[in-house]
Amino acid sequence: MKKINIYASIAGRVNAKSELNTVGTIDDNVISYDDGEVKVKVCLLNDEISITRKTSEMLLNLQFKESTKKLSEYKINLIPSVMNVETNTKKLEIRNNSLTVYYDLKINGVHSDTFTYYLEWSD
């Protein structure tokens with residue numbers, strides 16, 4: 001595992017923009033970092049990515065492939081509860097040291113927001 005510098009941001013049309021500068025790791029095609037108490041893992045595949053966000057209270061796994069809808073689950077441990085999550089990836093840009101995902105998010109069939117997720121990493 002190699003340590004890397006990370007800049008991550010997520011912005012929605014309804015939700016305010018959140019930005020983070022931190023140190024993480026990269027191992028093959030997997031980038032890991034902490035966003036406060038949330039453990040984030042980004043898996044880079046050929047033309048898709050997955051983002052997993054995990055705490056002791058929840059697990060959210062999002063899948064992205066350009067022009068594709070993907071289903072996943074949002075598990076909340078305290079209640080316990082599972083919600084259906086659907087991503088509709090409008091655009092996915094994977095570059096050498098960055099990626100951008102433009103997507104719509106539905107939770108239990110209800111549109112939540114339209115998001116832009118940006119991740120950049122360097123040595």
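How many residues lie between strand 4 and strand 5 in their hairpin? There are 3 residues between the two strands. The legends below take this predicted model view by view.

**View 1. The whole chain is built from strands.** The chain holds 10 strands and 0 helices. Along the sequence, the pattern reads β-β-β-β-β-β-β-β-β-β. Along the principal axes, the C-alpha atoms fill a box of roughly 40 × 35 × 25 Å. The radius of gyration is 14 Å, which agrees with the value near 14 Å for a compact globule of 123 residues. Of these 123 residues, 37% are buried.

**View 2. Ten strands close into a barrel.** Strands of a sheet pair through backbone hydrogen bonds, either parallel or antiparallel. Which sense is found in this barrel, parallel or antiparallel? The pairing is antiparallel. The 10 strands follow the order 1-2-3-4-5-6-7-8-9-10. On average, neighbouring strands of this sheet are turned by 25 degrees against each other, direction ignored.

**View 3. Bridges link strands 2, 3, 4 and 5 in turn.** Begin at strand 2, which is joined to strand 3 by 3 bridges. Here Asp27 stands opposite Val30 of strand 3. Next, strand 3 pairs with strand 4 over 6 bridges, again in the antiparallel sense. Val30 appears here too, with Cys43 of strand 4 as its bridge partner. Cys43 in turn stands opposite Ser50 in strand 5. Strand 4 and strand 5 run antiparallel and share 6 bridges. Follow the residues across: Asp27 faces Val30, Val30 pairs with Cys43, and Cys43 faces Ser50.

**View 4. Strand 4 is largely enclosed, and a hairpin ties strand 4 to strand 3.** Strand 4 covers residues 38-44. Of its 7 residues, 5 are buried, so the rest of the structure largely encloses this strand. The hairpin of strand 3 and strand 4 has 2 residues between the strands. In this hairpin, Gly36 takes a positive phi near 70 degrees.

**View 5. Strand 9 sits between two partners, strand 8 and strand 10.** Strand 8 spans residues 81-94 and is joined to strand 9 by 9 bridges. One pair to find is Val85 with its bridge partner Ile107 in strand 9. A hairpin of 3 residues connects strand 8 to strand 9. On to strand 10: 10 bridges join it to strand 9, and the two run antiparallel. Thr100 has Tyr118 of strand 10 as its bridge partner. The hairpin of strand 9 and strand 10 has 2 residues between the strands, and Asn108 there takes a positive phi near 50 degrees. Strand 9 is mostly covered, with 7 of its 10 residues buried.

**View 6. Phe64 is a buried residue of strand 6.** Why does Phe64 count as buried? Its relative accessibility is 0%, and buried means under 20%. Now look for Val23. Phe64 and Val23 are 41 residues apart in sequence, and their C-alpha atoms are 24 Å apart in space.

**View 7. The largest pocket has a mostly nonpolar lining.** Rolling a probe the size of a water molecule over the atoms shows where empty space is left. The largest pocket holds about 450 Å³ of space. Among its 22 lining residues, Ile10, Arg53, Leu60, Leu62 and Tyr103 are the closest to its centre. The lining divides into 17 nonpolar, 3 polar and 2 charged residues. Strands that each supply at least two of these residues include strand 1 (2-12), strand 6 (58-65) and strand 10 (110-122).

Notes
Residues numbered from 1 in each chain as written. Predicted model: local features only at pLDDT ≥ 70, side-chain atom pairs only at ≥ 80, totals over all residues. Heavy atoms only, no water. 1 Å grid on protein atoms, 1.4 Å probe; cavity = no way out; pocket = protein on both sides within 12 Å on 5 of 7 lines; lining within 4 Å. Points joined across faces, edges and corners; volume = space filled by probe spheres on them. Helix = DSSP H or I, 4+ residues; strand = E, 2+ residues; numbered from the N terminus. Nonpolar A, V, L, I, M, F, W, Y, C, P; charged D, E, K, R; others polar. Pairing = 2+ DSSP bridges. Axes fitted to C-alpha atoms, helices over the stretch in contact; angles between N-to-C directions. Rg over C-alpha atoms; globule rule 2.2 N^0.38 Å. Buried < 20%, exposed > 50% of the residue type's maximum accessible area, 1.4 Å probe, protein only.
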